[in-house]
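Open the model in your viewer and switch on the cartoon. Keep side chains ready to show. We will move from one selection to the next.

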Amino acid sequence: MPKYLIQSVERGAFLVPDENNEPCWERNLKKCVSGVLTDLENVHQMIVEYCDFDDHIVIVDLDAFNAH
């Protein structure tokens, strides 16, 4: 199963759910476990809904790191 995180280059943070399951920006990667997404369609939907238009967004493919 693929694993993705959404990262803002400008913020240096990842888009993950907070305690109330609302999306927020988190800089501490250790706290991002709950923000790992497995469906690329959901990733794109979250970017459209919660990211600023001028943000430089990167989709981090965590499986790509495991391959090396």
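The stops below cover a set of strands, two facing residues and the cysteines.

**The strands**

This is a predicted model. Start with strand β2, residues 13-17. Four of its five residues are buried, leaving β2 mostly covered.

Now add strand β1, residues 4-8. β1 and β2 run antiparallel, joined by three bridges. Pick Ser 8: Ala 13 of β2 stands opposite. Four residues separate the two strands of this hairpin. Stop at Gly 12, where phi is positive, near 65°.

Next, select strand β3, residues 23-26. β3 pairs with β2 over four bridges, again in the antiparallel sense. The β2 and β3 hairpin has five residues between its strands. In that turn, Asn 21 has a positive phi of about 65°.

**Phe 14**

Show the side chain of Phe 14, in strand β2. Is Phe 14 buried or exposed? Its relative accessibility is 10%, so Phe 14 counts as buried. Leaving aside residues up to four places away in sequence, Phe 14 touches a set that includes Leu 5, Ile 6 and Gln 7. Also among its contacts are Cys 24, Trp 25, Leu 29 and Val 60. For a distance check, pick Tyr 4: the C-alpha atoms of Tyr 4 and Phe 14 are 11 Å apart, with their positions ten residues apart in sequence.

**Glu 26**

Cross to β3, where Glu 26 stands opposite Phe 14. Glu 26 is buried, yet has no salt bridge. Lys 31 is the nearest side chain of opposite charge, 4.6 Å away. Look instead at Asn 28: its backbone nitrogen lies 3.0 Å from a polar atom of the Glu 26 side chain. Beyond four places in sequence, Glu 26 touches Ala 13, Phe 14, Val 16, Lys 31 and Cys 32.

**The cysteines**

Now select the cysteine sulfurs. How many disulfides does a search of the whole structure find? Zero. Zoom to Cys 24, which is in no disulfide: the nearest cysteine sulfur belongs to Cys 32 and is 8.5 Å away. Cys 24 has 24% relative accessibility, so it counts as partly exposed.

Finish at Cys 51. Why is there no bond from the sulfur of Cys 51? The closest cysteine sulfur, in Cys 24, is 12 Å away, which is too far for a bond. Cys 51 is buried, with a relative accessible area of 13%.

Notes:
Residues numbered from 1 in each chain as written. Predicted model: local features only at pLDDT ≥ 70, side-chain atom pairs only at ≥ 80, totals over all residues. Heavy atoms only, no water. Buried < 20%, exposed > 50% of the residue type's maximum accessible area, 1.4 Å probe, protein only. Contact = heavy atoms within 4.5 Å. Lys, Arg positive; Asp, Glu negative; His and termini not counted. Salt bridge = Lys/Arg side-chain N within 4 Å of Asp/Glu carboxyl O. Polar contact = N/O pair within 3.5 Å; in protein donor to acceptor, adjacent residues only side chain to side chain. Disulfide = S-S within 2.5 Å. Pairing = 2+ DSSP bridges.
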